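Here are my notes on the model you sent over. Have it open while you read, and follow the points in order.

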Amino acid sequence: MTIYYIREGFLGIRRHLLVFLGSVCVITACLTLTGSFALLAQNLNYNIAQLINENEFVAYLEDGMDDDQAEEMEATLEAVDNVRDAVYVSSTQAMENYLTWLEDNGRLFADLPEDLLPARYLIYVEDIDQLEATSNRVAAMDGVDHVSVSLSVAEGFSSARKVILTVAAFLLAALLAASLLLIFNNTHLSMQGREEEIAVMKMVGATNGFVRGPFVVEGTVIGLVSGLLSFALERGVYEVFQRIVESYQFSDLFYVIPFRQLRAAVFAVYLGGALLIGIFGSITAIRRLLKV
């Protein structure tokens, strides 16, 4: 029985070869476009996550606190909910960092007292959406004079991340719907050329599964070929994109995740997604058009 399904499925593909090739080409393009956008969104999300991890707020300590007392606050600060890390910067180190930041102009301020700037803690958070609440809790702690936090920057990162994920989800849904429609149309055209054969099969008592089998094979082959082609094409497109970023020295601003780290996941998603599209599209078309 299985051999019959496979043979009839491939015969259907041969009879409608142009339709098959057209469906494969368009589905491959849809999957590649969807995958490319998803990978771009993944890279954008990764880079934003890195910026979020580097984003911190500053807790300035009260005057008169010596280094030993200040360093003892580290464990207390790290115990605060949502605090990932707390890095102590002494008054002397803060001045050194400031003079280094000034570069050549730093020598103009070299005679300033080493303890002019207050000691502080750089506070790194786990969830940037809770930055304001976390900074308020730290500001209320004993020994903390005040905090400095850039809420607008944090909100910008959070908003950008949500927009990327929303657009990616919408585009993915739209392109998957288009691919399913193509499979549906391909199955419809294939069935139009075999209406008499199907009618005879039903008259002699063929079961629904017997009639449905060859069309599922056709849809599966379309999905399988499309998935493999999409993966190969996506790999080439991604590597070209990575070389462009590196050749124009954008890598300092935008890190591209190496394809080898994504290869297994991309292959599984493309092949699994394409097979799902092929099988589900074929079954849906048969149920609606043949009513079997």
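1. F231, Y238, F259 and F267 form one aromatic cluster. The rule behind this: rings of Phe, Tyr and Trp (its six-membered ring) pair if their centres lie within 6.5 Å, and planes under 30 degrees apart count as stacked, over 60 as edge-to-face and the rest as tilted. By that rule there are five aromatic pairs.

2. Before going on, a caveat: this is a predicted model, where local features need pLDDT of at least 70 and side-chain atom pairs count only at pLDDT 80 or more, while totals for chains, interfaces and linings use all residues. Numbering starts from 1 along each chain as its sequence is written, and side-chain values use heavy atoms, with hydrogens and water left out.

3. One of the pairs is Y46 with Y255, a tilted one at 5.5 Å centre to centre and 40° between the planes. This pair links distant parts of the chain, 209 residues apart: Y46 sits in helix α2 (residues 17–54), and Y255 in the loop between α9 (208–247) and α10 (259–289). Are these two tyrosines buried or exposed? Neither: Y46 is partly exposed at 30% relative accessibility, and Y255 is partly exposed at 37%. (Buried means under 20% relative accessible area, exposed over 50%, partly exposed in between, with a 1.4 Å probe and protein chains only.)

4. Back in the cluster, F231 and F259 have ring centres 6.1 Å apart and planes at 45°, so this pair is tilted. Because F231 lies in helix α9 and F259 in helix α10, the pair ties together parts 28 residues apart in sequence. F231 is buried, with 14% relative accessible area, and F259 counts as buried at 5%.

5. How many salt bridges does a search of the whole structure find? Just one, taking a side-chain nitrogen of Lys or Arg within 4 Å of a carboxyl oxygen of Asp or Glu as the test. R235 and E239 make the bridge, at 3.4 Å, N to O. They are four residues apart in helix α9, so about one helical turn separates them. R235 is partly exposed at 35%, and E239 is partly exposed at 29%.

6. Finally, the overall picture. The chain has 10 helices and four strands (DSSP runs, H or I of at least four residues for helices and E of at least two for strands, numbered from the N terminus). Of its 292 residues, 38% are buried.
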